[in-house]
Amino acid sequence: MLLQELDAIFAEDGPIAAALPGYHARQAQLELARAIDQAITDGSTLIAEAGTGTGKTWAYLVPAFLSGVKVLVSTGTRTLQDQLFRRDLPRLRNALALPVTTALLKGRGNYVCHYHLERLQGDDRALKSRAEIGQLRHIQVFAQQSRTGDKAELAEVPEEADIWNRVVSTRDNCLGQDCPNVRDCFVLKARREAQEADIVVVNHALFMADLALREEGITDLLPEVQLVVFDEAHQLPDVATRFLGSSVSSHQLIDLARQVEAAGLAHAREACNWTEQGQRIEHAARELRLATAAIDRLPGKKATFETLPDAEAFDTALERLIEVLDDCVQRLGIVAEKHPDLTAASKTSLDLRARLFRWSQPDRQGRNALAAAAAADGGPGADETAVRWVESSSHGMRLHSAPLSVARIFSRFRRPEQAWVMTSATLSINGDFGFFQRQLGLHDAVTGRWESPFDYSAQGVLFVPSTLPLPNHPQFNEKFVDLLVPLIKVAQGGVLVLCTTLRAVDRIAELLDERLDAAGIDRLLLKQGDTSRRLLLDRFRDARNAVLVGSASFWEGIDVPGDALTLVAIDKLPFAPPDDPVLEARLNESRRRGGNPFMEFQLPEAAIALKQGAGRLIRSEGDWGVLMVADTRIVDKPYGKLLWRGLPPFSRTREVAQVVKFFKARQIKTS
């Protein structure tokens, strides 16, 4: 592509400026577009950190449009996926007047399944409330009228509603070409459109699901493309770890028991006692749950495979469950072809049995010996080792496994002629991309940083109080809130309080409710968990001076421009909890190698999470505000320098009076 063509498109008088009111040319955006164009030409991997306000979306879409190759754009969230497909792509297509075709593709759990919808309609016992009866009617009409079957398009039924789980398919219970509704299948229709389109928009979860299937030799989920763009690429290591692993829950096993009984009684009653068959599965699943009861008393309610309490009882219960599923698989195999319901039950039981067996292998000593031998031989070691753990909750228990490292699996799926572009505002640690590259095995990638055009020193202040105790102090939350309340009083816009744990969310929200009331401050107080994330954010934006207290999911993906957000307060540095089994295994592996696990894993992950949280404050040229980091370790500890130097270049202070002065000066300007 001629560089002059990019220059003309991004110019002040170019086609994008004509199509977008308020657009102005940004040198960083043009340079990023040029680097992406070069990556497409070379078929290389580019890791591009683009600061907030750079305009990275248009910077990668324009070269993608002009390249003439088939493109896959993978986003961090379904919300961003919908925004790209419904807003950004049509705007750019109109601006450039190019006949580029686009398609939106999500995981099958997002599309209504005609077969499972019909089954639910015929099962009077399956609806759990009057509300679900109304929701089912909406879904029935939607399935008849919708072109896509995408549940995000049905506003009357919330995306998180439980009924969706019963009217969509999974890979395990999809009947494929044997389905009586195959001609109307929304999933197959979406995949056909993706095969034919020039640009396909997916999300990281679907991309990783495709990667996991390719590991099993299945390659029909995503189309073959010449360019893959990963937006919000900083999420890839965690998503890859989740999707390249496996899990089985007691809930799935109980559902299977009921599915087997219902399908057997309806379509193969004479073959065996299906009620007894279902009861045996359910009993074996409950016995396994009982064998994990001691995990309820452990921190985080998790235990790794090596540290399971009552390990002998657990092993016996798991072996018994696999035997019961073996018997079920054999009985269903004999009658599976009689009816689609039996086929689906057979596929599900076979898949769950296979996952449980893989989870149980190898034994404790064998697994440790294998990892040690691989490391001693200079072999793959961590790349080939799985971390296994059991997690308990009020809803049951779940067996998890995840790769200790995803680097080898992830990196080997890029073909030599395929270009990869990874972009986000948070990919480096103070300019060093090594951590991200090691996580995904992208050692040969080209890296680059494009700074934000914002004037951070004028628009914002970083406030680290000098008077607060360390976060492990028993009175830390109280003192944090005591310091925060006067700032809330003087801040004219909204306040976002970011906590590192859900327990802190509850406690800090409780304290804020008391203190704000005592101080006579009339502000809407919102707390994570009170309602859905989307509704909380809508109420927060609309109020324009509310206080919102949230944890992990509120540290990123939130865009609240203007005076609706002028204070972001972070309680503690976001170090990952030590009870995370995958992190714990990675730290142990680092120690075994003689490495420094804190510097290799914990500090880099905290630095990226902190940058994400800080990035909520300034979203446009007109934004302003204060970032308060209440954890004094960011200044007082030697490693703190690496953290605060990675933040935007705000003005800095440790004095409350300077913060109050900043807020008052801003109020005078805007009054």
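Here are some exercises with worked solutions on this predicted model.

**Exercise 1: An open sheet**

Task: Work out in what order the strands of the open sheet of 4 strands are arranged, and which of them stand at the edges.

Solution:
- Step 1. Begin with the order, which reads β6-β9-β8-β7, with antiparallel pairing.
- Step 2. Now look for strands with a single partner: these are β6 (246-249) and β7 (302-304), so one side of each is left without a neighbour in the sheet. Both therefore stand at the edges.
- Step 3. Add the twist, which averages 15° from one strand to the next.
- Step 4. Zoom in on one pairing: β6 and β9 (residues 396-403) run antiparallel and are joined by 4 bridges. Here V248 has L399 in β9 as its bridge partner.
- Step 5. Finally, find the helix that lies across β8 (386-393) and β9: this is α13 (residues 274-291), and its direction is at about 80° to β9.

**Exercise 2: Two packed helices**

Task: Describe how α12 and α14 are placed relative to each other, and which residues meet between them.

Solution:
- Step 1. Recall that a pair of packed helices is described by the distance between the axes and the angle between them.
- Step 2. Take the distance: the axes of α12 (residues 250-267) and α14 come within 13 Å. Their crossing angle is roughly 30°.
- Step 3. Turn the angle into a word. Angles under 35 degrees count as roughly parallel, so α12 is roughly parallel to α14.
- Step 4. Give the crossing a hand: α12 passes α14 in a left-handed one.
- Step 5. List the residues that meet. From α12 come L253, L256 and V260, and from α14 come L321, L325, C328 and L332.

**Exercise 3: Salt bridges along the chain**

Task: The structure holds 36 salt bridges. For R34, R86 and R280, find the partner and say where each pair sits in the chain.

Solution:
- Step 1. Start with R34, whose partner is D7, with the closest N and O atoms 2.8 Å apart. R34 belongs to helix α3 (residues 27-42) and D7 to helix α1 (residues 3-9), so to speak a link between distant parts of the chain, 27 residues apart. R34 is partly exposed because its relative accessibility is 28%, and D7 is partly exposed at 29%.
- Step 2. Move on to R86, whose side chain meets that of E153 at 3.3 Å, N to O. This pair also links distant parts of the chain: R86 is in helix α5 (residues 78-96), while E153 is in the loop between α7 (130-145) and α8 (164-167), 67 residues apart. R86 has a relative accessible area of 42% and is partly exposed; E153, at 37%, is partly exposed.
- Step 3. Look around this pair: R86 and E153 belong to a network of salt bridges that includes D82, K106 and D150.
- Step 4. Finish with R280, which meets D327 in a salt bridge of 2.8 Å, N to O. The two residues lie 47 residues apart, R280 in helix α13 and D327 in helix α14 (residues 311-335).
- Step 5. Compare with the cut-off: buried means under 20% relative accessible area. D327 has 18%, so D327 is buried, whereas R280 has 25% and is partly exposed.

**Exercise 4: A strand covered on both faces**

Task: Find out which residues of β16 are buried on each face, and which strands pair with β16.

Solution:
- Step 1. Remember that side chains in a regular strand alternate between the two faces of the sheet.
- Step 2. Apply this to β16: L567 and A569 are on one side, V568 and I570 are on the other, and all are buried. Both faces of β16 are thus covered.
- Step 3. Take one partner, β13 (residues 495-498), which pairs with β16 in the parallel sense over 4 bridges. In this pairing, V497 stands opposite A569.
- Step 4. Take another partner, β17 (residues 625-629), also joined to β16 in the parallel sense over 4 bridges. There, L567 stands opposite V626.

**Exercise 5: One alanine in a loop**

Task: Decide whether A552 is buried or exposed, and locate its surroundings.

Solution:
- Step 1. Place A552 in the chain: this residue is in the loop between β15 (547-550) and β16 (567-570).
- Step 2. Check the accessibility. Exposed means over 50%, and A552 has 59%, so A552 is exposed.
- Step 3. Look for contacts: leaving aside residues up to four places away in sequence, A552 touches C499 and Q528.
- Step 4. Set A552 against L404: they are 148 residues apart in sequence, and their C-alpha atoms are 22 Å apart in space.

Technical notes: Residues numbered from 1 in each chain as written. Predicted model: local features only at pLDDT ≥ 70, side-chain atom pairs only at ≥ 80, totals over all residues. Heavy atoms only, no water. Buried < 20%, exposed > 50% of the residue type's maximum accessible area, 1.4 Å probe, protein only. Contact = heavy atoms within 4.5 Å. Pairing = 2+ DSSP bridges. Axes fitted to C-alpha atoms, helices over the stretch in contact; angles between N-to-C directions. Salt bridge = Lys/Arg side-chain N within 4 Å of Asp/Glu carboxyl O. Parallel < 35°, antiparallel > 145°, perpendicular 65-115°, else oblique. Left-handed = near helix turned anticlockwise from the far one by under 90°.
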